[in-house]
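The following exercises concern the architecture and the charged side-chain pairs of a single model. Each task is followed by a solution in steps.

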Amino acid sequence: MADLTLIKRLAPLVRLHPQDPYKPASVPWVLPHMRMRFDRSWKKDRQILEAGRVNDATIVAQACEGQRSGGDRPSDFFLEIVGAEDTIRRGDLGAAVCYVHVLPGLTTKISSTGSSILTTVTWAPAP
């Protein structure tokens, strides 16, 4: 089954509480409101990217003190909201997107009848 077919068939129904002031958004909406910093627990944090320079390309291409952002290793990079935090945390429901990752190769056969488990990850950025 193609990934898109699986996503449409298996995607969860996302419901938001009508009185919750905090709504999801999309990655392109969230990133301009962030700056990237590097945590140095024994010193003052170091700013890596200022607000307005954080995007999907720059966020994975940074290096500091022998660590690289992006990739599969834990690092001390983090994102911090810049500006009117309460306003930004309210998100933008009009721009909201649920992202779905179908993880190839993580299908597990669970019985001799051919039944299997497919691993998917669904997430929506909420600032």
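## Salt bridges and the sheet

Salt bridges link Arg35, Arg37 and Glu80 in a network. The model is a predicted one.

**Exercise 1. Describe the secondary structure of the protein chain and the surface it exposes.**

Step 1. The protein chain contains three helices and nine strands.

Step 2. In sequence order, these elements follow the pattern α-α-β-β-β-β-β-α-β-β-β-β.

Step 3. Of the 127 residues in the protein chain, 21% are buried. The exposed area is about 8900 Å², and carbon and sulfur atoms supply 53% of it.

Step 4. Among the contacts with a separation of 6 or more, 53% are between residues 24 or more positions apart.

**Exercise 2. Determine the strand order of the open sheet and identify its edge strands.**

Step 1. The open sheet is formed by three strands in the order β2-β1-β5, with antiparallel pairing.

Step 2. The edge strands are β2 and β5, as each of them pairs on one side only.

Step 3. On average, and with direction ignored, neighbouring strands of this sheet are turned by 40 degrees against each other.

Step 4. The antiparallel strands β1 and β2 are joined by three bridges. Within this part of the sheet, Arg37 stands opposite Gln47 in β2.

Step 5. As a general principle, strands of a sheet pair through backbone hydrogen bonds, in either a parallel or an antiparallel manner.

**Exercise 3. Analyse the salt bridges of Glu80 and state which parts of the chain they connect.**

Step 1. The salt bridge between the side chains of Arg35 and Glu80 has an N to O distance of 2.6 Å. Because Arg35 belongs to strand β1 (residues 34–38) and Glu80 to strand β5 (residues 77–81), this pair ties together parts that are 45 residues apart in sequence.

Step 2. The side chains of Glu80 and Arg37 also meet in a salt bridge, at 3.8 Å from N to O. This pair, with Glu80 in strand β5 and Arg37 in strand β1, links distant parts of the chain, 43 residues apart.

Step 3. The cut-off for a salt bridge is a nitrogen-to-oxygen distance within 4 Å. The distance of 3.8 Å for Glu80 and Arg37 therefore satisfies it.

Step 4. Arg35 is partly exposed at a relative accessible area of 25%, and Glu80 is partly exposed at 27%. Arg37, by contrast, has a relative accessible area of 11% and is buried.

**Exercise 4. Analyse the salt bridge between Arg40 and Glu65.**

Step 1. The side chains of Arg40 and Glu65 meet at 3.0 Å, N to O.

Step 2. Arg40 lies in the loop between β1 and β2 (46–49), and Glu65 in the loop between β3 (63–64) and β4 (67–68), so the pair ties together parts that are 25 residues apart in sequence.

Step 3. Arg40 counts as buried at 12% relative accessibility, whereas Glu65 is partly exposed at 40%.

Step 4. A search of the whole structure finds six salt bridges; the bridge between Arg40 and Glu65 is one of them.

**Exercise 5. State how many disulfides the structure holds, and classify Cys64 and Cys98 as buried or partly exposed.**

Step 1. The number of disulfides in the structure is zero.

Step 2. Residues under 20% relative accessible area count as buried. Cys64, at 6% relative accessibility, is therefore buried.

Step 3. Cys98 has a relative accessible area of 39% and is partly exposed.

How values were computed. Residues numbered from 1 in each chain as written. Predicted model: local features only at pLDDT ≥ 70, side-chain atom pairs only at ≥ 80, totals over all residues. Heavy atoms only, no water. Helix = DSSP H or I, 4+ residues; strand = E, 2+ residues; numbered from the N terminus. Buried < 20%, exposed > 50% of the residue type's maximum accessible area, 1.4 Å probe, protein only. Disulfide = S-S within 2.5 Å. Contact = heavy atoms within 4.5 Å. Areas by Shrake-Rupley, 256 points an atom, 1.4 Å probe, with all protein chains shown as cover. Pairing = 2+ DSSP bridges. Axes fitted to C-alpha atoms, helices over the stretch in contact; angles between N-to-C directions.
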